[in-house]
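Please look over the model shown here. The report after it goes from the whole chain to single residues.

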Amino acid sequence: MVFSSLLFLFRFLPVVLAIYYIAPKKFRNPVLFASSLFFYAWGEPVYVILILFSSVLDYVCGRLIEYCRTRGYNRRKLACLLLSVTVNLGLLGFFKYAGFFLRILHRLTGMAVLELSVALPIGISFYTFQTMSYTIDVYRDKTPVQKNFIDFGTYVSLFPQLIAGPIVRYRDIATQLRTRMESLEHFSAGITRFILGLGKKVLIANQIGALWKEIAAMNQGKLTVATAWLGVCAFTFQIYFDFSGYSDMALGLGKMFGFDFPENFDYPYISKSITEFWRRWHISLGTWFRDYVYIPLGGNRKGMKRQILNICVVWFLTGLWHGASVNFVLWGVYYGILLILEKILWKPLVEKLPAFFRHLYTMFFVMVGWSIFSWNDMKNWHVYTRAMFGIGDFPIANSQTMYLLSTNMVLLVIAVIGCSPLIKKLSSKVLPNHSVGREIAKMVYLVLIFTACMAFLINDSYNPFLYFRF
């Protein structure tokens, strides 16, 4: 699906861009809306109806909320908001979680329950949160109601970020939907960002993901402590370059059409605390839960006990948002506990440590977290975790460990450098901004990355986008 989607995108994008820029400005949103629905339908024809239904529902609810506000119908206004939230969460719950909770009910009670297996619509977690943010913000009077359905449908279905985010709130691009200014400079910046994101995905995430796949498939008897940590290290890099690569591609595509989407990553692996990590990782999801769950629950304004409860609720939901599986829930609970401990107990101690040790502390817990996240099968996760910490008959290392490490050393070094701002800082020092030499070097660099990506895409069969399933 993903491999063919990327190749389809390269065929689809030039046609859409040509039609978009040929069309008069008043027709550009209709072009984007129709193109986005076509792109989504190419992958999942049936579920176009679902995204259209969500768009119509929240467009109508937004209009009704505004109508009730102008006439002072406060209860009806609240009813319209509750209708939007209930239906959106109901659809998300049915398609994503119904089978999961039915299985839990069967295990807890022994009741015979219906076996429900429903294909998960791609991107439903992302566009559901987007449309909900719109009606909530209209209700709070934080964004103007959208009266043009085509413009609203364009926002909901916009193909650059439809499938795997970032979660773009309506108020962030409300003005851009009508008055964005396309320019050659903006378009050029979009191409640059897209190619860099493609490089992250194809040249790093895919390659280091193959290492994780090999280690995860190993027989238990072949695992060593060092091999297990190497595998977690590989997954840590894979998920970052996979998801941040897609986000960069989405931001780049957005710029090509004149949009400026919010950033989704800010070098999270340079963080020196768990709190900082979550300010830098999947920023759009973190801010969504902060603004629509944590703060409405009371945030940190109602005492320590209430703050702890609010953190627990947010992180349970954050874990559940990622998927209908026990490991995702445990991962969310794990981070909830870590953040509570860091805020209440560890913060004074952590802040006294040298920066290097604060970074080690953060990355240790982040990698342990990714080990939980990566295993849907809890039995396999239990064995793998025992291997990581040497609990049982697991040697420190063996010849296979050294082979895997030596054959992937260059890739690991590239990954370490790539997830830090080192290249960005060095390039700005060596080549001044807007200099001719810098522009030539950038062009050569981008051509090399794009050429290498095409070669890998044509020849490789391992091209998963991890966040498509969420």
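## Surface and overall build

The accessible surface of the chain comes to about 22,100 Å², and carbon and sulfur atoms hold 68% of that area. Accessible areas come from the Shrake-Rupley method with a 1.4 Å probe; for residues, only the protein chains shown count as cover. This is a predicted model: local features need pLDDT of at least 70, side-chain atom pairs count only at pLDDT 80 or more, and totals for chains, interfaces and linings use all residues. Residues are numbered from 1 along each chain as its sequence is written, and side-chain values use heavy atoms, with hydrogens and water left out.

The chain has 21 helices and zero strands. Helices (H or I, at least four residues) and strands (E, at least two) are DSSP runs, numbered from the N terminus.

How far does the C-alpha trace span along its principal axes? The spans are about 70 × 65 × 50 Å. The radius of gyration of the chain is 23 Å, which agrees with the value near 23 Å for a compact globule of 470 residues. That radius is taken over C-alpha atoms, and the globule rule is 2.2 Å times the number of residues to the power 0.38.

Of the 470 residues, 51% are buried. Buried means under 20% relative accessible area, exposed over 50%, and partly exposed in between (1.4 Å probe, protein chains only). Contact means heavy atoms within 4.5 Å. Among contacts between residues at least 6 apart in sequence, 78% join residues at least 24 apart.

The chain carries 46 positive and 24 negative charges, and their mean positions are 6 Å apart. Lys and Arg count as positive, Asp and Glu as negative; His and the chain ends are not counted. Each charge is placed at NZ of Lys, CZ of Arg, CG of Asp or CD of Glu.

## Aromatic pairs

How many aromatic pairs does the structure hold? There are 63 aromatic pairs. Rings of Phe, Tyr and Trp (its six-membered ring) pair if their centres lie within 6.5 Å; planes under 30 degrees apart count as stacked, over 60 as edge-to-face and the rest as tilted.

One of the pairs is F33 with F149, which is edge-to-face: the centres are 6.0 Å apart and the planes meet at 85°. F33 lies in helix α2 (residues 28-43) and F149 in helix α6 (residues 149-157), so the pair ties together parts 116 residues apart in sequence. F33 is buried, at 8% relative accessibility. F149 is partly exposed, at 24%.

F243 and F265 also pair: their ring centres are 5.1 Å apart and their planes stand at 85°, so this pair is edge-to-face. F243 is in helix α11 (residues 225-256), F265 is in the loop between α11 and α12 (274-280), and the two are 22 residues apart. F243 is buried at 0% relative accessible area. F265 is buried too, at 12%.

## A covered helix

Helix α13 (residues 283-294) is mostly covered, with nine of its twelve residues buried. Among them are W288, F289, Y292 and Y294. S284, T287 and D291 are also in the buried set. What do the buried residues of α13 pack against? They pack against α5 (124-139), α8 (170-173) and α14 (304-321).

## Single residues

P354 sits in the loop between α15 (326-352) and α16 (355-373). M378 belongs to helix α17 (residues 378-388). Leaving aside neighbours within four places in sequence, M378 is in contact with V326, N327 and L330. The table gives C-alpha distances for P354 and M378.

| Residue | Partner | Apart in sequence | C-alpha distance |
|---|---|---|---|
| P354 | K272 | 82 residues | 9.7 Å |
| M378 | S325 | 53 residues | 9.8 Å |

P354 is partly exposed, with a relative accessible area of 47%. M378 is partly exposed as well, at 23%.

Most residues other than glycine have a negative phi. D141 is not a glycine, yet has a positive phi of about 65°. D141 lies in the loop between α5 and α6, and is exposed, at 55% relative accessible area. Y267 is not a glycine either, and has a positive phi of about 45°. Y267 lies in the loop between α11 and α12. At 23% relative accessibility, Y267 is partly exposed.
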